[in-house]
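This briefing treats one protein model, its ligand surroundings and its sheets and helices. Please read it alongside the structure shown here.

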Amino acid sequence: MVMKVEIFDTTLRDGEQTPGVALNVYEKLEIARQLAKLKVDVIEAGFPIASNGDFNAVKTIAENVKGPVIAGLARANFKDIDKAAEALKNAESPRIHTFIASSPIHMQYKLKMSPEQVLEAAVEAVKRAKSYFEDVEFSAEDATRSDVEFLCKLFSQTIRAGATVINIPDTVGYTTPEEFANLIRTLRERVPEMDRVKISVHCHNDLGMAVANSLAAVVNGATQVECTINGLGERAGNAALEELVMALVTRKDIYKVDLNIDTKQIYRTSKVVSTLTGIYVQPNKAIVGANAFAHASGIHQHGVLSEKSTYEIMTPESIGLTSNRIVLGKLSGRHAFVQRLKELGYELSEDEINRAFERFKDLADKKKEITDSDIEAIVEEQVTKIPQLIELEYFQTSSGNQAIATSTVRVKIQGNTVEEAATGNGPVDATYKALERACNINCRLVDYSIKSVSAGKDAIGEVVVRIEKDGRIFTGRGLSTDIIEASARAYTDALNKTLYNSNGNKPAETNEEE
Ligand SMILES: CC(=O)SCCNC(=O)CCNC(=O)[C@H](O)C(C)(C)COP(=O)(O)OP(=O)(O)OC[C@H]1O[C@@H](n2cnc3c(N)ncnc32)[C@H](O)[C@@H]1OP(=O)(O)O
Ligand SMILES: CC(C)C(=O)C(=O)O
């Protein structure tokens, strides 16, 4: 039988211990709802004794989020446990997570307690928690720097007192995969009671080994892993949920475990957490970083264009992205360049491609990333000029915070003058709708960007739009000191290209008339 590993998400508790992060009740609830969509098994919603805000957050999540077990943290004392029980009482599946440190350093200098006192406090805490709920987790904080004999005693007695989950934290990220694997094996061998509970691990990333240590524990029998979205957490953070999950899924051949997680929700969850915590994800972060599915070098780009699995060990779709990204720059090759030309609707001759590619490489030496608009400009300047089938003759908009935005446009389309009006969600939207009507073209706006290309009050605004028609992308550019006019010109430019293309012209063919 394939072993099941449960995912215990502690973004809302240990993740909130990230310096600079403080989530309010609404933000915590939103994250918890997203974690439920991700189908984590357990949400550790907070530490109810910490503050009234955290108590309310745990209570609100317990009352509103169904599906996962909802856990609340408590030190090994009755005050914390009673408070956690109060916050969790309306949860569908509540769990009290109580902990106390077991390492000589922590017991002597922090708790100022003897091992016997720690043992007694742990057992009493578990019994108290058990008087509220069936599901009780006990953690031996700093387990990886604890005496193994003492850990065995602590786990044996807390299980007998009613713990249903035993957590073995690497609180300070000190252990290594080999050492941690050995610890989990030893505890399972020496504590017979461990067979009847879930064995959990909670690894910190101080030496960058949180995920590797957690995986080593899974191989040795851990059935629950504690982790956070984007690897948030105290100091260097916790094991990153997305990395753990995708390692277990992608290398199922090695780990041979089942998970409940809906991996397609991973990217969205990462975004929600980074937006609400304000902690940005580094671009090269595994799985959810902006570059995790981006290819920048020619040899790799050629590989993935031929067969994605040459350089992708998992699909972008599996984490909820729509596609990978080919980033054009100075290290790109001809294959990727030609592919992008095709995607942009150009069909060039060999000679035209050669000229455009040469210009592309020159530009790429000066610019970090070559955008679609740059490629359009290269092709138009080097290879082709598209005739103006649509000319914007006139436009007028009216809008205001109390008025429905309206726009009237007059265009000359293949020699005929057409006037149309439309309302919209703002003057730009109204103008775009009026232009579509006037030109009788149905298309989808994919991207709109505006930037200033000069300085000062009379700065010129450049609008670049990308529209999709029949699966092809067309880019339009417009310049004006009036941003509505720049927007209207950019859209007219893009519509002109769609019309030219649908008239049966090859978009990049040289046209001598122009
Ligand atoms: C490894 C982890 O990540 S554990 C979770 C860490 N998270 C947090 O600490 C965030 C929330 N914490 C807080 O809001 C506060 O620290 C509180 C409310 C828990 C406690 O606040 P205070 O009462 O002001 O105590 P303070 O934080 O200064 O010191 C911790 C006290 O708890 C004791 N303590 C620490 N861990 C435990 C434990 N597991 N069981 C029992 N007592 C403990 C310490 O010995 C110390 O006791 P003392 O006040 O008698 O000296
Ligand atoms: C409370 C425990 C599980 C913890 O956060 C740690 O040891 O890092």
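Ligand 2 is surrounded by Asp14, Phe99, Ser139, Glu141, Asn167, Pro169, Thr171, His202 and His204, a residue being near a molecule or strand if its C-beta atom, placed from the backbone, lies within 6 Å of it. Two elements, β6 (136-141) and β7 (165-170), each give two or more residues to this shell; helices (H or I, at least four residues) and strands (E, at least two) are DSSP runs, numbered from the N terminus. The model is predicted: local features need pLDDT of at least 70, side-chain atom pairs count only at pLDDT 80 or more, and totals for chains, interfaces and linings use all residues. Residues are numbered from 1 along each chain as its sequence is written, while chains are lettered from A and ligands numbered from 1 in the order in which they are written.

**Ligand surroundings**

- The shell around ligand 2 comprises 2 nonpolar, 5 polar and 2 charged residues, where Ala, Val, Leu, Ile, Met, Phe, Trp, Tyr, Cys and Pro count as nonpolar, Asp, Glu, Lys and Arg as charged, and the others, Gly among them, as polar.
- Around ligand 1 there are 15 residues, of which Ala50, Arg75, Ala76, Ile100 and Leu111 come nearest.
- The elements β5 and α4 (104-111) each give two or more residues to the shell around ligand 1.
- By class, the shell around ligand 1 holds 7 nonpolar, 3 polar and 5 charged residues.

**Annotations from UniProt**

- An unreviewed UniProt entry carries the annotation "binding site" for Asp14, His202, His204 and Asn238; UniProt positions are given in the numbering used here, feature names are shortened, and annotations may be inferred rather than shown by experiment.
- These annotated residues are spread over 225 residues of sequence, yet they cluster in space, with a largest C-alpha distance of 10.2 Å.
- His202 belongs to strand β8 (residues 198-203).
- The unreviewed UniProt entry also assigns "domain: Pyruvate carboxyltransferase" to residues 5-267.
- Across residues 5-267 the chain is 44% helix and 18% strand, and the end C-alpha atoms lie 21 Å apart.

**The barrel and its helices**

- A closed barrel of 8 strands follows the order β2-β3-β4-β5-β6-β7-β8-β9 with parallel pairing, two strands being paired if DSSP finds at least two bridges between them.
- On average, neighbouring strands of this sheet are turned by 25° against each other, direction ignored; axes are lines fitted to C-alpha atoms, for helices over the stretch in contact, and angles run from 0 to 180 degrees between N-to-C directions.
- Within the barrel, β6 and β7 pair in the parallel sense over 3 bridges, and Phe138 stands opposite Ile166 in β7.
- Helix α5 (residues 115-132) lies across β5 (94-101) and β6, at about 175° to β5; two residues are in contact if their C-beta atoms, placed from the backbone, lie within 7 Å.
- Helix α7 (residues 177-190) and helix α8 (residues 210-219) have axes that come within 8 Å and cross at roughly 35°.
- Pro177, Phe180, Ala181 and Ile184 of α7 meet Ala212, Asn213, Ala216, Ala217 and Val219 of α8 in this contact.
- The contact of α7 with α8 contains 8 nonpolar, 1 polar and no charged residues.

**The open sheet**

- A separate heading is given to an open sheet of 3 strands, ordered β13-β14-β15 with antiparallel pairing.
- Its edge strands, β13 (390-400) and β15 (416-424), each pair on one side only.
- Neighbouring strands of this open sheet are turned by 10° against each other on average, direction ignored.
- β13 and β14 pair in the antiparallel sense over 9 bridges and form a hairpin with 2 residues between them.
- Tyr394 stands opposite Arg410 in β14.
- Strand β14 (residues 403-413) pairs with β15 in the antiparallel sense over 9 bridges, and Ala405 stands opposite Gly424 in β15.
- Helix α16 (residues 427-439) lies across β13, β14 and β15, running at about 35° to β14.
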